[in-house]
Amino acid sequence: MEAGVCKIFEEHLKRSHPNSPSITYDISQLFDFIDQLPDLSCLVYQKSTNTYAPCNKEWIKEKIYIMLRKQAGKSA
């Protein structure tokens, strides 16, 4: 998730603010960006069926939230 969706959002912010030396954002801005994307899903491998299942934006946001919460816990 970090290398995918978060990176896409950060690149979007860099293009939107080319003269800013650093850019910060909060999770609500990231989630708003995800909601504005017309088509976003992740294909997740299902070992039991040996197939990939599509996961929607809500699933993506939940996984990002969990990832960021873990990262915040490590830096505290």
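Modeller: A strand here is a DSSP run of type E with at least two residues, a helix is a run of H or I with at least four, and both are numbered from the N terminus. The model under discussion is predicted.

Colleague: In which loop is the place of Asn50?

Modeller: Two strands frame this residue: E1 covers residues 42-46 and E2 covers residues 51-55. Asn50 is exposed, at 57% relative accessibility. Its place is in the loop between strand E1 and strand E2.

Colleague: What is the value of phi in Asn50, a residue other than glycine?

Modeller: Most residues other than glycine have a negative phi. Asn50 is not a glycine, yet its phi is positive. The angle is near 55 degrees.

Colleague: What pattern does the protein chain follow along the sequence?

Modeller: The protein chain contains three helices and two strands. Read along the sequence, these elements give the pattern α-α-β-β-α.

Colleague: What is the radius of gyration of the protein chain, set against the globule rule for 76 residues?

Modeller: For 76 residues the globule rule gives 11 Å, and the value for this chain is well over that, so the chain is more spread out than a compact globule. The box filled by its C-alpha atoms, taken along the principal axes, is roughly 50 × 35 × 15 Å. The radius of gyration is 14 Å.

Colleague: What percentage of the 76 residues in the protein chain is buried?

Modeller: A residue counts as buried when its relative accessible area is under 20%. The chain as a whole exposes about 5,800 Å², with carbon and sulfur atoms supplying 53% of that area. Of its 76 residues, the buried share is 21%.

Colleague: Which residues of helix H2 are buried?

Modeller: Helix H2 spans residues 27-36, and its buried members are Leu30, Phe31, Phe33 and Ile34. Seen down the helix axis, they fall within an arc of 155 degrees, so they line one face of H2. The residues asked for are therefore Leu30, Phe31, Phe33 and Ile34.

Colleague: How many salt bridges does a search of the whole structure find?

Modeller: Side chains of opposite charge can pair when their charged atoms come close. One such pair is Lys61 and Asp35, which meet at 2.8 Å, N to O. Over the whole structure, the number of salt bridges is four.

Colleague: Why does the pair of Lys61 and Asp35 tie together parts that are distant in sequence, and how many residues apart are they?

Modeller: Lys61 lies in helix H3 (residues 57-75) and Asp35 lies in helix H2, so their pairing ties two helices together. Lys61 is buried at 10% relative accessibility, whereas Asp35 is partly exposed at 40%. The separation in sequence is 26 residues.

Colleague: Not counting residues up to four places away in sequence, which residues does Lys61 touch?

Modeller: Lys61 also forms a salt bridge with Glu58, at 3.1 Å, N to O. Both residues lie in helix H3, three residues apart, about one turn of the helix, so Glu58 falls among the neighbours that are not counted in this question. Beyond such neighbours, Lys61 touches Phe31, Ile34 and Asp35.

Colleague: Which residues are linked with Lys7 in a network of salt bridges?

Modeller: Lys14 and Glu11 meet in a salt bridge of 3.6 Å, N to O. They are three residues apart in helix H1 (residues 2-16), and so about one helical turn separates them. Lys14 is partly exposed at 46% relative accessibility, and Glu11 is partly exposed at 29%. The residues linked with Lys7 in the network are Glu11 and Lys14.

Colleague: What does the count of disulfides come to?

Modeller: A disulfide is a covalent bond between the sulfur atoms of two cysteines, and the rule applied here requires those atoms to be within 2.5 Å. By this rule the count is zero. The sulfur of Cys42 is the nearest cysteine sulfur to that of Cys6, at 11 Å, and also the nearest to that of Cys55, at 7.0 Å. Both distances are over the 2.5 Å cut-off, so the count of disulfides is zero.

Colleague: Is Cys6 buried or exposed?

Modeller: The limit for the buried class is a relative accessible area under 20%. Cys55, at 13%, is in that class. At 3% relative accessibility, Cys6 counts as buried.

Technical notes
Residues are numbered from 1 along each chain as its sequence is written. This is a predicted model: local features need pLDDT of at least 70, side-chain atom pairs count only at pLDDT 80 or more; totals for chains, interfaces and linings use all residues. Side-chain values use heavy atoms; hydrogens and water are left out. Buried means under 20% relative accessible area, exposed over 50%, partly exposed in between (1.4 Å probe, protein chains only). The arc is that of the directions from the helix axis to the C-beta atoms. The radius of gyration is taken over C-alpha atoms; the globule rule is 2.2 Å times the number of residues to the power 0.38. Accessible areas come from the Shrake-Rupley method with a 1.4 Å probe; for residues, only the protein chains shown count as cover. A salt bridge is a side-chain nitrogen of Lys or Arg within 4 Å of a carboxyl oxygen of Asp or Glu. Contact means heavy atoms within 4.5 Å.
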